[in-house]
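Here are my notes on the model, as numbered points. Please read them with the structure open.

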Amino acid sequence: MDECYEVLSKVAKQNGVKLRVDSPSEITLGNDGKMPFWKALSAMSRGVLRWRILFSSVHWFALSFGFYGVSVWQPSIFEKRGFEPQASSMAVFTSVACQLPGTLSAAYLVDRIGRRVVLIACSIGCCLFVSAFALARTPSLMLLANWFLNFSTAALWAVTYTFTPEIFPTWSRTSAMGICSFVARVSGILVSAIGGALLETSVDWSLGSYAVAYAVCAVTNMIIGVDMTRAPLSDVIGGDNLRLVTLDNLSNSL
């Protein structure tokens, strides 16, 4: 990375312009070419990466809370809404089946309209469909809302797994994903207990908490403000600006 920076600096100097990227000297790798986790964690606590890992963690926590809250307590929710046990099991089965087209739709749209657009749209969709599920009072409307909810949730997970690693540089990508996965699992454990307590209080309160979680997902993705759609994955040259070295911004820098 240092060698690349030196070459770019020479080219910029020969062209009489200043290279508008920072030196990557503070990013050091181990003897095996890998950055130790604690160094990656320290580097991610500075500059723009600090906000990316913060909002990404919030997104994963909220997404896991909403998804596992509905998934774990879905049979109980249907039964409390008057479904017979057999009908409840069939409703859960058909709802989960809707996740297949949701994942395929995300795979189709993610490179066509952009990661953030799909993330925000699916997050808002999940929030609306959970709310519709809570407000519905007939079996057909509850099923319809839940089908669309599972469709949107599957698409949201698929794009999240694409989006998150792309917004971090190579040396911190796996560490960032590890942190986000850890946060998601903590959320899943918490909602297993919290969801049950809320459900005992009120079905509407339970579903309302999941709607809020999906709304948080939408807000965090609006705030992150970065999208790597159709951009080549490259290392990031260090410092607080963290500019991606792509052909486009390289030509703009020179």
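1. In which helix of the protein is confidence lowest, and in which is confidence highest? The lowest mean, 35, belongs to helix H10 (residues 247-253), and the highest, 94, to helix H6 (residues 115-135). Confidence here is pLDDT, the predictor's score for each residue, from 0 to 100. Helices (H or I, at least four residues) and strands (E, at least two) are DSSP runs, numbered from the N terminus.

2. Ground rules for what follows. This is a predicted model, in which local features need pLDDT of at least 70 and side-chain atom pairs count only at pLDDT 80 or more, while totals for chains, interfaces and linings use all residues. Residues are numbered from 1 along each chain as its sequence is written, and side-chain values use heavy atoms, with hydrogens and water left out.

3. Overall confidence. The mean pLDDT of the protein is 80, and 73% of the residues score at least 70. Two stretches stay under 50: residues 21-32 and residues 235-254. For residues 21-32 the model has 31 contacts (heavy atoms within 4.5 Å) beyond four places in sequence. For residues 235-254 the corresponding count is 52.

4. Overall make-up. The protein has 10 helices and 0 strands. Of its 254 residues, 47% count as buried; buried means under 20% relative accessible area, exposed over 50%, and partly exposed in between (1.4 Å probe, protein chains only). Among contacts between residues at least 6 apart in sequence, 78% join residues at least 24 apart. The accessible surface is about 13,000 Å² (Shrake-Rupley method, 1.4 Å probe; for residues, only the protein chains shown count as cover), and 65% of that surface belongs to carbon and sulfur atoms.

5. Helix H3. This helix covers residues 47-80, 34 residues in total. From first C-alpha to last it reaches 48 Å, close to the 50 Å expected at 1.5 Å a residue; the expected span is 1.5 Å times one less than the number of residues. At glutamine 74, H3 bends by about 60 degrees, with proline 75 following within four residues. The bend is the angle between axes fitted to the seven residues ending at a residue and the seven starting there. Glycine 82, just after H3, has a positive phi of about 100 degrees.

6. Tryptophan 60. What is the relative accessible area of tryptophan 60? The value is 0%, so tryptophan 60 is buried. This residue sits in H3. Beyond four places in sequence, tryptophan 60 touches Trp157, Thr160, Tyr161, Thr164, Met177, Cys180, Ser181 and Ala184. The C-alpha atoms of tryptophan 60 and threonine 220 are 10.0 Å apart, with the two positions 160 residues apart along the chain.

7. Valine 58 and serine 209. Valine 58, also in H3, is partly exposed at 31% relative accessible area. Neighbours within four places aside, valine 58 is in contact with Val216 and Thr220. The C-alpha atoms of valine 58 and cysteine 217, 159 residues apart along the chain, are separated by 7.6 Å. Serine 209 lies in helix H9 and counts as buried, at 19% relative accessibility. With the same neighbours left aside, serine 209 is in contact with Phe65 and Leu198.

8. Salt bridges. How many salt bridges does a search of the whole structure find? The search finds 4, where a salt bridge is a side-chain nitrogen of Lys or Arg within 4 Å of a carboxyl oxygen of Asp or Glu. One of them joins aspartate 204 to arginine 81, with the closest N and O atoms 2.9 Å apart. This pair links distant parts of the chain, 123 residues apart: aspartate 204 in H9 (residues 203-224) and arginine 81 in the loop between H3 and helix H4 (85-97). Aspartate 204 is partly exposed, at 34% relative accessibility. Arg81, Arg137 and Asp204 are linked in a salt-bridge network.

9. Arginine 115. This residue forms a salt bridge with glutamate 166, the closest N and O atoms being 2.8 Å apart. The pair links distant parts of the chain, arginine 115 in H6 and glutamate 166 in helix H7 (residues 139-166), 51 residues apart. Arginine 115 also meets aspartate 111 in a salt bridge, at 2.3 Å from N to O. Arginine 115 is buried at 6% relative accessibility, and glutamate 166 is buried at 14%, whereas aspartate 111 is partly exposed at 39%.
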